[in-house]
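Work through the exercises below with the sequence and coordinates open. Each task is followed by a solution in steps.

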Amino acid sequence: MKKIHYWEQGIHYLLQKHRNLFFMKLAVLMICSLSLTAKTSGSVLSPDNNSVDQARNTLSGIVTDAKTGETLPGVRIIIKGTTRGTVTDPQGKFVLQNSKPNAILVVSYMGYEKQEIAINNNNQLDIKLVPTVQKLDEIVVVGYGTQKRRDITGSVISVDQSRLANMPNTNFAQALEGAMAGVSVSTNSGGAEGSNSIIIRGQKSILANTDPLIILDGIPYNGSISDISPTDIASTEILKDASAAAIYGSRGSNGVILITTKKGSSGKPIVSYDAYVGMEKIANLPPILSPEEFYQFKITREGQSAITTSEQAVYDSKKFPNWLDLATQTGLKTQHTLSVRGGNDAIKYFASANYLDVKGIAVNDNFKSMSTRINLEAKMTEWLTYGTNTQLTYDDRGGVAASFSGENGAYEFNPLTTAFDSLGNQTIYPWPQDVHFGNPLAPILAKNTDNTYKIFTTNYLQVKVPFIKGLGYRLNTGVEYQQRNISTYYGRNTLEGLSNNGSLSTSNSNVNNYTIENILTYDREFGKHTIGITGLYSYEQNLTTSNSLAAQQFPGDVLTAYQANVALAVQPSASYSKRTLISQMARINYGYDGRYLLTLTGRRDGSSAFGVNDKFSFFPSMAFAWNITNESFMKNNKTISNLKLRVSYGSNGNQAIGNYKTLATLATRPYVDGTTTEPGYIPSSLDDPNLHWETTNSANLGLDFGFLKGRIQGAVDLYDAKTHDLLLNRSISPVQGINSITQNIGKTENKGIELTVNSVNVKTATFTWSTNFNISANQNKIVALYGDAKNDTLNRWFIGHPINVNFGYVFNGIYQKTDDTINTPQGKVHPGDAKILDINKDGVINSKDRTIISNNVDPKYTWGMANTFNYKGFSLYIFIQGQAGSKQVNSMLNENGVQSGVRHNTIIKNWWTPTNPTKDYWANSLTSNKLGVPIVQSTGFTRVKDISLGYDFSDKVLQRLKLTKLKIYIEARNLFTYTEWIGLDPEFSSQTTIPLQKEYVVGLNVSL
C-alpha cells in the first residue's frame, strides 16, 4: 500500500482536531484529493499493515440473493475502517485472510442494499443480500396519488435523475432535452436564463397553446420554469397518453409533467452542499462577411457610388468594429445549494437555499436567482398528517443585453461603421450618413431593473378515516403569488433616448393563483382483488393584473426612471384578467392477481373562459394492462423478466385561449372634439356563447419489457390522437369593422411511435457500463379547417399536410451561360439568376407555382442516448441527442435582407460568378432573385450534449473527513453539434439571437 506523506498526516491531524470546522475541510479537500485517490485506488485487495499486531483469523463464506437464493459473484467485501477486502468468486464464495474476530464487514453489490455484518469470532458466514427497490416496484407519482410502476396502465415515463444531478441546468427543462421518448424539448435561443419549449407527442393544435400542464407538488404551476430549482427536485414524471393525463381533463391534451420536490426522512440530519462554477463560450457563429469582403460585396452589387463617405473613411483607416466580439463575452455561471433533511417518525423536514448567478455570453445579459424551500410533514396523530411545501424565490433579470437582431442587430450590422468615438464613448450614429441606425451596443447603456418576487406554497391535510379501513381524505391547497417590476430608461447617449429626449417604460404585474382540492380515496385488497377509488372536487382561480407606463420628453437624464411626473408625453395603461376552473373527477383502479389491471377515469371541467352555453365538458378515459410475466406459463422463464401489455383510450381538452374570447369587446379609439381629445371606443371582437374546449381523443398501445433479470428494460408505444373543435380564427365580413372571430372549427391528427431501452451492458465487481436510449417518430396533419374542404394559403395551412410546412417557390438551380435566358418561364433572365421550378408546367412563373416545398418542418425522429461508465469511484457520463428528417427555410441565405443600398451584412455564400458558375447560389445582383425564392436546409443534427467525469471518494476517506458523501466532477455541455444547417443552431427559432453557449463546469457534492 502506498505510504501516506507526512504532510497528509498533518492535514489528517488538523481535520481530526477541528472536525467541526466544515469549511476547513473543504479548503484542504482539493489539495489532498489526488494523493488520497492514488492511495485508495487499487488498494481493495491490499493487506492492512496496521493489523499485524491483532489476532489473526481466516474467514470464508458465501453471498446469495435473499429472495432467490442465487449466488452472487463479484460482491465487494471490505473490513470496515480499512482498505482490506476481497470479492466473491463466480460461485459467490469468498475467503478473507487475517481478519480480526471483532471486525465488521461492509458488503456492497450493485442492485442490492449495502450491509454491515459483525464477524463475532465466526470462521464461516452465509451472507444474504436484499435487492434494492426494483424498477417495477418503484413508487411513481401518477396524479392525485401514487402507484407501483408494475401497476400503471397508462403511458408514464420518469426522468433519469442523473440528468438533474451534477448538471449545469438553469431550469429543469434542460434536463429533459433528448432524454425521453415522445418529449421534445427545443432550445429556442441562448442566453443567461435560456429559453426552452416543451412539446409532448407532437403538435395537436394550430393556434392554441401547446405547452404541457406542469403540476408541482400536486398543484398546477403557471410560473416560469426557471423558478423551479433542479437541485430541489426528487422526481419528475411525464404523463403522455389520454388515460394517464385524463385526471387533469381540460388541460391534459398536451401532456402533463409531474414534479415532486425532495422530502425529509427519519434519522439524523443530513447536511448537503452542492456547488459548481462554469465558463461559457459561444458554440457556433455563422460565417459573416469580413469588412473587406463586405466592401467588395457592396460594390459588386450596387457600384462604387453605393459606398458612403463615412464607410470609405472607415475602410481606409482599417479600424473596423467587430460587432459580434463587442456584443459577446466569456460567460460565467455559478450555483450554490445548501440543504438539510432529517426527522423522526412524527416530523420529517427538508430545507434548502439555492443561489444561481449567470453572466451570459451576451454583454449585459444577466440572470440571478435566489430561492429557499421548506418542506415539512408532521404526523399529528395516527390518523392525521399535515404537510407543507413552500418555496420563496427572487429573480433579478436586470440589464438589457446588446442587440443581436433587428435593424440594429450585431449579426448583420454594417461593418464599415464606428462603435466608439475618439473619447471612447459609444457612437449614437455608427453610420453618420444613415441616422436610421443606432448602435448595437446601445441597450447596454439603458438603466434597467427587472425584479421578480414569488411564493409558491402547497399545504395539505391527510386524514385516514378511523373505523373504515382504506378510506382517506386529503385537503390540498396551493397558493402562487408573483410580483414583477420592470423599468427601462434610455438616455440621450442612445439613439432612442436622443430621438425622444429620454424614453421610459415601466411595467408592474401581479399574479395571484390559488387552488383548493378535496380528494377522497379508498384502497383495499380482497384476496386476489385490489381496488382503488379516487374522487376529486377542486376549485382554481387565476388572476393577473398589470399597469404600465410609457413616457418621453424629459428635461434631463440625471433622474433616469424616477422622473415620470415631469415628462411631457405620458401614456399609462392597465390590464385585468381572471379565470376560474371548477372540476370533478373520479378514478377507479382495479387489479386481479397482479395480472389484469383496469383504470377508468372521468373528469368534468367548467371554465369561465368559455361561452355561457358550453362552459362544462366531460373527459372520460379507460386503460387496461396485462402483466404477462405474472401468468403461470411465464414463471419458469429465465429470459423474460417483465412483459406488460397496455391499451388505453380517452379524451382530453385544451382550454388555452384568452379569457374573454367569448365576449364582445371594445377597443379604445380617442377622437378630437374641436380642440379637445375625448375618449372613444370601437368594437374589437364579437361574442360567441358556444365557444368551448378543443378536444383530443387518443388511443395508445404499449408494451413494457424486461430481459435477463432486468439487465435490459424498456417500452414501446404506438399512439394515434385526433383533435376536433380546434380554436381557430374564422374570417368574416368586415362590415362591422371586425375581420375574424374565434370559433371551434377544424380537425387534426397526430400519430407516432416511441421506443425506450435501458440496459446494463457490463457488470462486474468494479466496473459497470449502462445505456439509456430512446427514439420517437411523430407525424401530424390537418384533417379539416373551415368545413369547406379548402386550404388556407395565407396562413400556410393545408388539409392532409402537417400543421407546419415550408411553402413558396421551389429553388431549381442557377441559370448558366449555356442556358436559354430569353425564353424562360420567368421571362428574360441573366446568367447567375435563380431558377424557379415551373410546378404546373404552364410556361409562366406566378403564384400558382408556389407550393409546399417540404412537409417536414418538425423533425420526423428525435432521439437521445446516455452511456454511464463506473469504475470503482470514478463515473463517466456521456449524453448524445439528435433529430432527423426536418427542413426549414433558412432566412439567412436570402439576400433580400441586405436591403437596397446594402445596409446590412450577410453570411458568406458560394455566389455565382462568370468564373465560378456554381449551381449553389445565385449571383450577387439586385435582380438575380427578384421573386425571393427561398433555400431550404436540413435542420437535422447530432449533438454531444453532456460529458461528465466524476469521482466519489471512498468510505475510507469519508470516515477520515467525517463525511457521508464527497464527490468532485467536471462537466462539459454542448461540446459539438454536427449539422448541415448554416446559422446559429438548427433548433433556434431565430438565427439572429443570442448564440448557443458551450459550458465547462467544475462541481462539488458534499454531505455531512
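**Exercise 1.** In this predicted model, find how many bridges join strand E13 to E14, and in which direction the two strands run.

*Solution.* Start from strand E13, residues 213-216. Three bridges link this strand to E14. The two strands run antiparallel. Next, take a single pair: Ile214 has Tyr221 of E14 as its bridge partner.

**Exercise 2.** Place E13 and E14 in their sheet and identify the edge strands.

*Solution.* The strand order is E10-E15-E16-E13-E14, an open sheet of five strands. Its pairing is mixed. Strand E10 (156-158) and strand E14 (219-221) each pair on one side only, so they are the edge strands. From one strand to the next, the twist averages 30°.

**Exercise 3.** Determine which residues have the most contacts inside the largest nonpolar core, and which elements supply two or more of its residues.

*Solution.* The largest nonpolar core contains 25 residues. Within this core, Tyr295, Phe297, Tyr921, Trp922 and Val933 have the most contacts. Two or more residues each come from helix H5 (291-302), strand E42 (834-836), strand E47 (911-912) and strand E48 (921-923). H5 gives the largest share, four residues.

**Exercise 4.** List the contacts of Val933, leaving aside neighbours within four places in sequence, then look for a second core.

*Solution.* Apply a heavy-atom cut-off of 4.5 Å. Val933 is then in contact with Tyr809, Val810, Phe811, Ala834, Ile836 and Trp922. A second core is separate and has 23 residues, including Ala173, Val185, Ile214 and Ile257. Ile214 is also the residue whose bridge partner in E14 is Tyr221.

Terms used. Residues numbered from 1 in each chain as written. Predicted model: local features only at pLDDT ≥ 70, side-chain atom pairs only at ≥ 80, totals over all residues. Heavy atoms only, no water. Core = buried A, V, L, I, M, F, W, Y, C linked by side-chain atoms within 4.5 Å. Buried < 20%, exposed > 50% of the residue type's maximum accessible area, 1.4 Å probe, protein only. Axes fitted to C-alpha atoms, helices over the stretch in contact; angles between N-to-C directions.
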